Amino acid sequence: MAGTGIFTDILDGDVYKYYSDGEWKTSSSGKSVAIINPATRKTQYKVQACTQEEVNKVMEMAKSAQKSWAKTPLWKRAELLHKAAAILKDNKAPIAESLVKEIAKPAKDSVTEVVRSGDLISYCAEEGVRILGEGKFLLSDSFPGNERTKYCLTSKIPLGVVLAIPPFNYPVNLAVSKIAPALIAGNSLVLKPPTQGAVSCLHMVHCFHLAGFPKGLISCITGKGSEIGDFLTMHPAVNCISFTGGDTGISISKKAGMIPLQMELGGKDACIVLEDADLDLVASNIIKGGFSYSGQRCTAVKVVLVMESVANELVEKVKAKVAKLTVGPPEENCDITAVVSESSANFIEGLVMDAKDKGATFCQEYKRQGNLIWPLLLDNVKPDMRIAWEEPFGPVLPVLRINSVEEGINHCNASNFGLQGCVFTKDINKAMLISDAMETGTVQINSAPARGPDHFPFQGLKDSGIGSQGVTNSISLMTKVKTTVINLPTPSYSMG
């Protein structure tokens, strides 16, 4: 059970504590933030509403702890990360339970997220040892006009304090995708979890605590974004921000100052379907890509751009599969569960009603009960409909019929988003040409968009973000190059 067993220390009555200086603490504010269960729409958990003064203390300790951590041998950093990964995976049940209760993620998917997160931590530990254990040696006479009088040694050193802000939909996995690279690189880490997902993050952080990381190196501070959000992201002690979420990231990037930023801010991932595509494969991937976790994924298929000649057949195949999706509680592993909040459900409904008013074809009856929205495929969507451009983050998928490949590419590229996209065709030459033309960070050929495996590069263009994720890229972003040049009195040649 969440908050029990080895996790007893993180709970104070009915309010979860925050983590600072290696201890679980109660905020001096005396206030808490309620976490609403999306399925029941009742308060499920409460977390501390931390103050700006507590943020200052966390930052001060993070700066101090990082200085010592940077001197910790790489093998020791990796050893502690492996230990944290093992503890996390051993305690997947209570962490998965909190994911089910606070973000309505199906039970089996919640367990998968925790296990995947443990694997990510271990992989990062190993990759970090390889990347950071190697430097570069340059000789001056490789550049025209120079003799061999300078030896240049380069290595990667930590940035300092990394602020990590994960989203609600993968709060554990996308937290550790920031935490593990930061720590192996020698940084300290301050985690600001999303409100929905905070309890899962607190459980995860306790696994790092139990692994024996130094005090002050890792902190987890909860609270209202309106009170500590800007204060955190604009704090002078922060040397790097890794954020995953929505439009808030654009605001953060404008305020953050001259520090490295890693931002993934959503997408409108297009699925382009050509006449020669395997339509059974396409239909299966549209279901997986568009409706898994109720469409609440940055890499979900958000718009289908299908050639008119095969549109009717594809729509019928997708409709048949939509009819088989189960709808209900996350505890019962239903395919479609409640979206994260009432405001999200209202936003989705607004997109649906706009499409209805403008003549879209409803392939299923629109049905909503509280935060639970039944899966809906919208055919004959036109470019003047909001759903053609806006990201619903729900189980609603628009189909636009196109008459040429160019039309599909143009629609994809006209979007302000550019995270991922996919193209289905048996002609690999066409696939490569379309991939090159699509203005997205990643193009999947004959498969739905996906962030993983977690060591693959993952990045967005335009309003979908800046910086690249993936284990290697994250480690590189959370370090800087240090150069030492040895100047020799006379040219030196090893075989002269």
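**Loops, salt bridges and the annotated site of the model**

N446 is partly exposed, because its relative accessible area is 30%, which falls between the limits of 20% for buried and 50% for exposed residues. The structure described here is a predicted model. N446 is placed in the loop between β23 and β24, and its phi is positive, at about 60°, although the residue is not a glycine. A second residue with this kind of backbone geometry is N333, a non-glycine residue whose phi is likewise positive and near 60°. N333 belongs to the loop between α10 and α11 and is partly exposed, with a relative accessible area of 29%. Most residues other than glycine have a negative phi, and most peptide bonds are trans.

The loop that follows β23 also contains a departure from trans geometry. G452 and P453 are joined by a cis peptide bond, with omega about -5°. P453 is located between β23 (442-445) and β24 (458-459), and the loop between these two strands is also the place of N446. In addition, R451 and D454 take part, together with R116, in a network of salt bridges.

Salt bridges were examined over the whole structure, and the search finds 19. Side chains of opposite charge can pair when their charged atoms come close. In one of these pairs, the side chains of K89 and D119 form a salt bridge with an N to O distance of 2.6 Å. K89 is part of helix α2 and D119 of helix α4 (residues 107-132), so this pair ties together parts that are 30 residues apart in sequence. Both partners are partly exposed: the relative accessible area is 31% for K89 and 39% for D119.

A salt bridge also connects E331 and K101, whose closest N and O atoms are 3.2 Å apart. E331 lies in the loop between α10 (308-322) and α11 (342-357), whereas K101 is in helix α3; the pair therefore ties together parts separated by 230 residues in sequence. E331 is partly exposed, at 39% relative accessible area, and K101 also counts as partly exposed, at 23%. The loop that holds E331 is also the location of N333.

A further salt bridge is formed by the side chains of E308 and R401, at 2.9 Å from N to O. Here helix α10 supplies E308 and strand β20 (residues 396-402) supplies R401, so parts 93 residues apart in sequence are tied together. The two partners differ in their exposure class: E308 counts as partly exposed at 37% relative accessibility, while R401 is buried, with a relative accessible area of 18%. The classification of R401 follows from this value, because buried residues are those under 20%.

The loop between α2 (74-90) and α3 (92-103) is occupied by N91. N91 is buried, with a relative accessible area of 15%. Its side chain reaches the backbone oxygen of I87 at a distance of 2.8 Å. When residues up to four places away in sequence are not counted, N91 touches I6 and F7.

According to an unreviewed UniProt entry, the feature "domain: Aldehyde dehydrogenase" covers residues 24-483. Over this range the chain is 41% helix and 21% strand, and the C-alpha atoms at the two ends are 40 Å apart. The unreviewed UniProt entry also lists E264 for "active site". E264 is situated in strand β13 (residues 261-264) and is buried, with a relative accessible area of 3%. Leaving aside neighbours within four places in sequence, the residues in contact with E264 are F243, T244, G245, C298, L419, F458, S464 and Q469. Among these contacts is F458, a residue of strand β24 (458-459).

On the surface, a nonpolar patch is formed by F137, L153 and I486, which together have about 260 Å² of accessible area. I486 is part of strand β28 (residues 479-487). The relative accessible area of I486 is 37%, so this residue is partly exposed.

Definitions and conventions. Residues are numbered from 1 along each chain as its sequence is written. This is a predicted model: local features need pLDDT of at least 70, side-chain atom pairs count only at pLDDT 80 or more; totals for chains, interfaces and linings use all residues. Side-chain values use heavy atoms; hydrogens and water are left out. Patches are made of residues with over 30% relative accessible area and no salt bridge: like charges are joined within 9 Å, nonpolar side chains (Val, Leu, Ile, Met, Phe, Trp, Tyr) within 5 Å. Accessible areas come from the Shrake-Rupley method with a 1.4 Å probe; for residues, only the protein chains shown count as cover. A salt bridge is a side-chain nitrogen of Lys or Arg within 4 Å of a carboxyl oxygen of Asp or Glu. Helices (H or I, at least four residues) and strands (E, at least two) are DSSP runs, numbered from the N terminus. Buried means under 20% relative accessible area, exposed over 50%, partly exposed in between (1.4 Å probe, protein chains only). A polar contact is a pair of N or O atoms within 3.5 Å; within protein, one must be able to donate a hydrogen and the other to accept it, and residues adjacent in sequence count only if both atoms are side-chain atoms. Contact means heavy atoms within 4.5 Å. UniProt positions are given in the numbering used here, feature names are shortened, and annotations may be inferred rather than shown by experiment.
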